[in-house]
Amino acid sequence: MSGPEQVLYLVVVPAAIVAIVWGLASIGGPSAKRRYRPGRPYDFIPVWYLANHRRGAAGRPGHDAEDAAAPADEEQPVQGSTGGASDRW
Amino acid sequence: MTAGEMALRESSEPAGTRGPDRQALEGPFTTRQLLRLDEALRTADVSTGLTFSVYVGDLEEPTREHAEKLHAQLPNTADAVLIAVCPNQRVLEIVTGPRARRRLPDRDCKLAALSMTAAFSGGDLAGGIVAGLAQLAEHARIV
């Protein structure tokens with residue numbers, strides 16, 4: 001194997017493969033930007049989700065049972081404070 | 001979730017009554033994650049009878065009060081449970097309405113919050129929210 005061929009096989013070809021892989025990795029897919037990384041700025045728009053029950057023909061068994069059991073209770077304002085928990089990471 | 005299963009709004013009012021919203025696909029989650037989130041929300045609602053909601057975005061200081069204001073805008077507030085996640089401030093707030101609180105004591109919310117923040121600290125927002133929803137629903141499940 002001549003000198004130029006050695007250079008081609010041992011330097012140019014590996015370098016080309018590395019360049020291709022690096023290029024593909026830097027381009028990334030459509031989901032590459034949708035990633036939260038702790039410590040990095042989070043600049044997505046605020047989102048607020050609720051389940052959509054209109055598609056569920058079966059309805060919400062929990063509410064149905066509750067409404068049937070205590071319909072009057074639903075109409076009265078519920079006394080008491082909110083609860084929950086707070087945490088940081 | 002297709003965008004129609006769950007919707008979102010940039011303003012301070014929850015969605016869910018709107019039709020498909022393309023903005024849902026511009027949020028921090030991939031389509032696959034949105035589907036998981038939608039399934040988790042629907043399962044939690046159906047199995048408990050409570051109204052679960054997830055907010056991901058900035059919260060004004062004090063964050064607890066802001067989260068409670070958001071919770072007050074939910075339909076059926078007494079039975080509503082809001083999970084508010086603020087990635088920039090690294091704050092998680094879980095707010096339960098008065099009636100939801102009877103089913104979901106603060107201690108159970110704290111346990112769910114711990115598992116959620118563990119996932120968040122690893123960069124897994126969607127996984128943490130889905131796990132937290134499942135945990136909260138399990139505690140509040142109708143027997």
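**Exercise 1. Determine in which sense strand β1 (residues 47-50) of chain A and β1(B) pair, and over how many bridges.**

Solution. In this predicted model, β1(A) and β1(B) pair in the antiparallel sense, and four bridges hold the pairing. To place the register, begin with A:W48, whose bridge partner in β1(B) is B:Y55. Then move to A:Y49, for which the bridge partner in β1(B) is B:V54. Finally, consider the faces of β1(A), both of which are covered: A:V47 and A:Y49 are buried on one side, and A:W48 and A:L50 are buried on the other.

**Exercise 2. Work out how the residues of β1(B) are directed, and whether they are buried or exposed.**

Solution. As a starting point, in a regular strand the side chains alternate between the two faces of the sheet. In β1(B), B:T51, B:S53 and B:Y55 point one way, while B:F52, B:V54 and B:V56 point the other way, and all are buried. Since six of the six residues of this strand (residues 51-56) are buried, β1(B) is largely enclosed by the rest of the structure.

**Exercise 3. Follow the chain from β1(B) to β2(B) and give the handedness of the crossover.**

Solution. First, β1(B) and strand β2 (residues 80-86) of chain B run parallel and are joined by six bridges; B:T51, for example, has B:A80 as its bridge partner in β2(B). Next, the chain passes from β1(B) to β2(B) through helix α2 (residues 63-72) of chain B, giving a β-α-β crossover that is right-handed. The helix itself has buried residues, namely B:A67, B:L70 and B:H71. Seen down the axis of α2(B), these buried residues fall within an arc of 100°, so they line one face of the helix. Among the elements that cover them are β1, β2 and β3 of chain B.

**Exercise 4. Assemble the sheet: state the order of the strands and identify which are the edge strands.**

Solution. Five strands form an open sheet with mixed pairing, in the order β1(A)-β1(B)-β2(B)-β3(B)-β2(A). The edge strands are β1 and β2 (83-88) of chain A, each of which pairs on one side only. From one strand to the next, the twist averages 10°. At the β2(A) end, this strand is joined by six bridges to strand β3 (residues 91-96) of chain B, and the two run antiparallel; here A:G83 has B:T96 as its bridge partner in β3(B).

**Exercise 5. Describe how α1(B) and α5(B) lie on the strands and at what angle they pack.**

Solution. Take the strands first: helix α1 (residues 31-48) of chain B lies across β1 of chain A together with β1 of chain B, and runs at about 150° to β1(B). Helix α5 (residues 125-140) of chain B lies across β1 and β2 of chain B, at about 155° to β2(B). Turning to the helices themselves, α1(B) and α5(B) pack at an angle of about 10°, with their axes 9 Å apart. Angles under 35 degrees count as roughly parallel, and the two helices are therefore roughly parallel to each other. Residues making the contact include B:L37, B:L41 and B:A44 of α1(B), and B:I129, B:L133 and B:A137 of α5(B).

**Exercise 6. Locate A:M1 and explain why A:M1 counts as exposed.**

Solution. A:M1 is found in the segment before α1 (3-27) of chain A. The cut-off for an exposed residue is 12 or fewer other C-beta atoms within 10 Å; A:M1 has 8 C-beta neighbours inside 10 Å and therefore counts as exposed. From C-alpha to C-alpha, A:M1 and A:G39 are 52 Å apart in space, and 38 residues apart in sequence.

Key:
Residues numbered from 1 in each chain as written. Chains lettered and ligands numbered in written order. Predicted model: local features only at pLDDT ≥ 70, side-chain atom pairs only at ≥ 80, totals over all residues. Buried ≥ 20, exposed ≤ 12 C-beta atoms within 10 Å, placed from the backbone. Pairing = 2+ DSSP bridges. Right-handed = clockwise from strand over helix to strand, strands pointing away. Axes fitted to C-alpha atoms, helices over the stretch in contact; angles between N-to-C directions. Contact = placed C-beta atoms within 7 Å. Arc of directions from axis to C-beta. Parallel < 35°, antiparallel > 145°, perpendicular 65-115°, else oblique.
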